[in-house]
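Subject: Handing over the structure, with notes

Dear colleague,

Here is the structure I promised to pass on to you, together with its sequence. Please open it beside this message, as the notes below are meant to be read with the model in view.

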Amino acid sequence: MNGLIGIGVDGRLLANLGSMSLTSTASITARRHADPAPVIAGACPDGLVRAIRAEVRRGLGWQDTADIVAAALRASLPEPAEILPAPLRRGDSAGYQSHLLYTEPDGSFSISAMVWMPGQQTMIHDHVAWCVTGVLQGREHEEIFALADGGRALSLIARNVNPAGAVSGFAPPGDIHRVRNTGDTVAISMHVYGADISRLGNSIRREYTLPVRA
C-alpha cells in the first residue's frame with residue numbers, strides 16, 4: 001500500500017487516518033452565499049442511486065458508511081458522458097466546477113461531479129461529513145495535512161496521484177487536504193457526500209490558510 005492515504009486508496013487505511021474529500025474553491029464558496037440551492041446540472045444513474053441509498057440506510061458510523069458506499073460506487077463507476085452534458089465536461093477557465101447531480105429527499109446524501117482543467121485546485125479544507133470520491137477521467141493529485149504546533153500550522157503528511165478508476169471513502173476528523181489536476185487534460189470525478197449540499201452549497205467545513213510545514 002506504500003503508506004498512502006486519500007483518493008484511490010483502500011478505505012481501511014483511511015479509517016485509521018481519518019482522511020479527506022473533494023469540494024469547492026473560494027469562488028464556489030462565495031456562490032453558496034449568493035445561491036444556497038444549486039440547480040441539478042446533470043444526472044446520476046438510477047441503479048447507482050438505489051445502491052447508495054441502500055448502504056446509507058444501514059445507519060452505520062461515518063467511516064463504515066463511507067467504506068460501503070465506496071464499494072457501491074467502485075462497482076458502478078459511470079462514464080462522464082452518462083452524468084454531464086458535453087458543455088459541462090469541458091471545464092471552466094475561471095476555476096474548477098462542482099455540478100450537483102442528485103440529492104436524496106431526506107437530505108441524507110448528495111451526489112455531485114467535479115470538473116477540473118489542468119492546474120486547477122482546491123483550497124486546503126476539511127469537511128462536514130463523510131465523503132466518497134471516484135475519478136472518472138484524467139488524474140488528480142492530493143496532498144493530506146495534519147494540524148501542527150497546537151493548531152497554529154499544518155504538516156504535510158502524504159501525497160497521492162489518483163488516476164481514472166480510483167475510488168475511496170473517508171470521514172472526519174482529520175480530513176484536511178488539497179486536490180488539484182496535475183494532468184494535461186480535463187479531469188472529472190464523482191463525489192457522494194453524507195450531507196445535503198443542495199442546502200449547504202458544498203461539503204466544506206473550514207478552509208485553512210495556516211502555514212504549511214513540509
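What follows is a description of the fold, the cores and a few individual residues.

Please keep in mind throughout that this is a predicted model. The chain has 214 residues, of which 51% are buried, and its secondary structure consists of seven helices and 11 strands. If one takes the contacts between residues at least 6 apart in sequence, 82% of them join residues at least 24 apart. The chain exposes about 9200 Å², and carbon and sulfur atoms supply 52% of that area.

**The open sheet**

Five strands form an open sheet in the order S1-S2-S9-S4-S7, with antiparallel pairing. Its edge strands are S1 (97–103) and S7, each of which pairs on one side only, and neighbouring strands are turned by 20° against each other on average, with direction ignored. At one end of this order, S1 and S2 (residues 110–116) pair over six bridges in the antiparallel sense, and Leu 100 has Ser 112 in S2 as its bridge partner. Helix H4 (residues 62–75) packs on the sheet, where it touches S4, S7 and S9 (187–193), and the direction of H4 makes about 165° with that of S7.

At the other end, S4 (residues 131–137) and S7 are antiparallel and are joined by four bridges, with Cys 131 standing opposite Phe 170 in S7. Strand S7 (residues 167–170) is buried on both of its faces: Val 167 and Gly 169 point one way, Ser 168 and Phe 170 point the other way, and all are buried.

**Strand S5 and its partners**

Strand S5 (residues 139–148) is mostly covered, since seven of its 10 residues are buried. It runs antiparallel to S6 (residues 153–163), to which 10 bridges join it, and S5 also pairs with S8 (residues 176–180) in the antiparallel sense, over five bridges. In that second pairing, Phe 145 has Ile 176 in S8 as its bridge partner.

Ala 146, in strand S5, stands opposite Ser 155 in S6. Leaving aside neighbours within four places in sequence, Ala 146 is in contact with Ala 153, Leu 154, Ser 155 and Ile 157. Despite these contacts, Ala 146 is partly exposed, because its relative accessible area of 27% lies between the limits of 20% for buried and 50% for exposed. The C-alpha atom of Ala 146 is separated by 8.3 Å from that of Asp 175, although the two residues are 29 apart along the chain.

S5 and S6 form a hairpin with four residues between them. In that loop lies Asp 149, which has a positive phi of about 50° although it is not a glycine. Asp 149 counts as partly exposed, at 31% relative accessibility. A second backbone feature is the cis peptide bond that joins Pro 172 and Pro 173, with omega of about 5°; Pro 173 lies in the loop between S7 and S8. As background to both cases, most residues other than glycine have a negative phi, and most peptide bonds are trans.

**The nonpolar cores**

The largest nonpolar core has 26 residues, and those with the most contacts inside it are Phe 109, Ile 111, Trp 130, Val 132 and Met 190. The elements that give two or more residues to this core are helix H3 (46–56), H4, S1, S2, S4 and S9. Phe 109 touches, among others beyond four places away in sequence, Val 49, Ile 52, Val 56, Tyr 102, Trp 130 and Val 192. Apart from the largest core lies another, of 10 residues, among them Cys 131, Val 179, Ala 187 and Tyr 193.

**A group of histidines**

His 127 lies in strand S3 (residues 125–127) and is buried, because its relative accessible area of 2% falls under the 20% limit. The side chain of His 127 makes a polar contact of 3.0 Å with the side chain of His 125, and another, of 3.4 Å, with the side chain of His 177.

With best regards

Technical notes. Residues numbered from 1 in each chain as written. Predicted model: local features only at pLDDT ≥ 70, side-chain atom pairs only at ≥ 80, totals over all residues. Heavy atoms only, no water. Buried < 20%, exposed > 50% of the residue type's maximum accessible area, 1.4 Å probe, protein only. Contact = heavy atoms within 4.5 Å. Areas by Shrake-Rupley, 256 points an atom, 1.4 Å probe, with all protein chains shown as cover. Pairing = 2+ DSSP bridges. Axes fitted to C-alpha atoms, helices over the stretch in contact; angles between N-to-C directions. Core = buried A, V, L, I, M, F, W, Y, C linked by side-chain atoms within 4.5 Å. Polar contact = N/O pair within 3.5 Å; in protein donor to acceptor, adjacent residues only side chain to side chain.
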